[in-house]
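Q: Please take a close look at one part of this model: the open sheet and the helix that packs on it. Walk me through how the pieces fit together.

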Amino acid sequence: MRKSKEKRLQQIRQILSETDSMPVRDLAEKLSVTPETIRSDLDLLEEQGLIERSHGFARALKTTVEIPFEVRKTDNYELKKAIATEAIRRIENGSTVFLDSGTTVYYGLEMLKSKKDLTIITNTLPIADACLDMNFDVVFVGGKLSRKGKRADGYFTEMILDQLHIDLAILASDGVLNLGGISVYSPDEYGTKRKVKERSDILIGLIDSTKFDRRGTYKVLDFSDLDLIITNPLTEEQRAQVQGQTEIYEVPEN
């Protein structure tokens, strides 16, 4: 998918998330594209279960189900990259690191090229593949594969994790709003993150500011379980959800 289209799809989702609904023609005018282009974009978003249309209007679906990895990785690219790069910068050479299934982690992988002698543990196919290409030792903790998340979870994943020691784990979240911690949509992913917590010396949470305004279905960890949260600049209301529970590092805006 071309970058311009990816950016436009993200803009459409953002606009619709801020309104109850919007006429399709108004969306086209707002994004300075033809009605044919906006209809094609809306067709794709509707197929992905992210929006719905009726009588010339489009609106975002307030879904509580997991959005596919390939869709999520087009969101907030620069923001996610800055947060993940800061986390990966803190990895020490020679350590064993768990990399979570969030797309935020995926965007920071370029920074791994500056590291040496790492053992990467992951349950996520795109991350395992990228780390193999960098010639790191990779332990894929296999189990039941999620088509949407492109990751393994479940009993076998947890059983493998039980045999491992992790120096540093980098974890993502589907949302934190009013939860006092991080959450996920999938009950299978819940078990994986809980097991990673048991096996890790240090836990870093990557939680961009958009996650402070949404939540997943299952709360996994308290903020106090994390040694550090890395995010972008937060509002006072967002920061208040975390303050006093763990250390926060806000990546400066460019």
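A: Two strands count as paired if DSSP finds at least two bridges between them. Note that this is a predicted model.

Start with one pair. Strand 4 (residues 96–99) runs parallel to strand 5 (residues 119–122), and four bridges join the two. Phenylalanine 98 sits opposite isoleucine 121 of strand 5.

Now the whole sheet. Seven strands make up an open sheet in the order 6-5-4-9-11-13-14, and the pairing is parallel. Strand 6 (137–140) and strand 14 (247–250) are the edge strands, each pairing on one side only. On average, neighbouring strands are turned by 20 degrees against each other, direction ignored.

Next, the helix. Helix 7 packs on this sheet and touches strand 4, strand 5 and strand 6. The direction of helix 7 makes about 160 degrees with that of strand 6. Helix 7 spans residues 125–133 and includes leucine 125. Within helix 7, the residues Pro126, Ile127, Ala128, Ala130 and Cys131 are buried. An α-helix has 3.6 residues a turn, so residues three or four places apart point the same way. Just after helix 7 comes asparagine 135, with a positive phi of about 70 degrees.

Leucine 125 deserves its own look. Its relative accessibility is 39%. Buried means under 20% and exposed means over 50%, so a value in between is partly exposed. Leucine 125 therefore counts as partly exposed. On the surface, Leu125 joins Phe140 and Leu145 in a nonpolar patch. Together these residues have about 250 Å² of accessible area. Phe140 also ties the patch to the sheet, since strand 6 covers 137–140.

Move along the sheet to strand 11. Strand 11 covers residues 200–206, and five of its seven residues are buried, so the strand is largely enclosed by the rest of the structure. What does strand 11 pair with? In the strand order, strand 11 stands between strand 9 and strand 13. Strand 9 (residues 166–172) pairs with strand 11 in the parallel sense over six bridges. Isoleucine 166 stands opposite serine 200 of strand 11. Strand 13 (residues 228–231) also runs parallel to strand 11, joined by three bridges. Here glycine 205 has isoleucine 229 of strand 13 as its bridge partner.

In a regular strand the side chains alternate between the two faces of the sheet.

To put the part together: helix 7 packs on the sheet at strand 4, strand 5 and strand 6, while strand 11 is largely enclosed.

Terms used: Residues numbered from 1 in each chain as written. Predicted model: local features only at pLDDT ≥ 70, side-chain atom pairs only at ≥ 80, totals over all residues. Heavy atoms only, no water. Patch = residues over 30% accessible without salt bridge, like charges linked within 9 Å, V, L, I, M, F, W, Y side chains within 5 Å. Areas by Shrake-Rupley, 256 points an atom, 1.4 Å probe, with all protein chains shown as cover. Salt bridge = Lys/Arg side-chain N within 4 Å of Asp/Glu carboxyl O. Buried < 20%, exposed > 50% of the residue type's maximum accessible area, 1.4 Å probe, protein only. Axes fitted to C-alpha atoms, helices over the stretch in contact; angles between N-to-C directions. Contact = heavy atoms within 4.5 Å.
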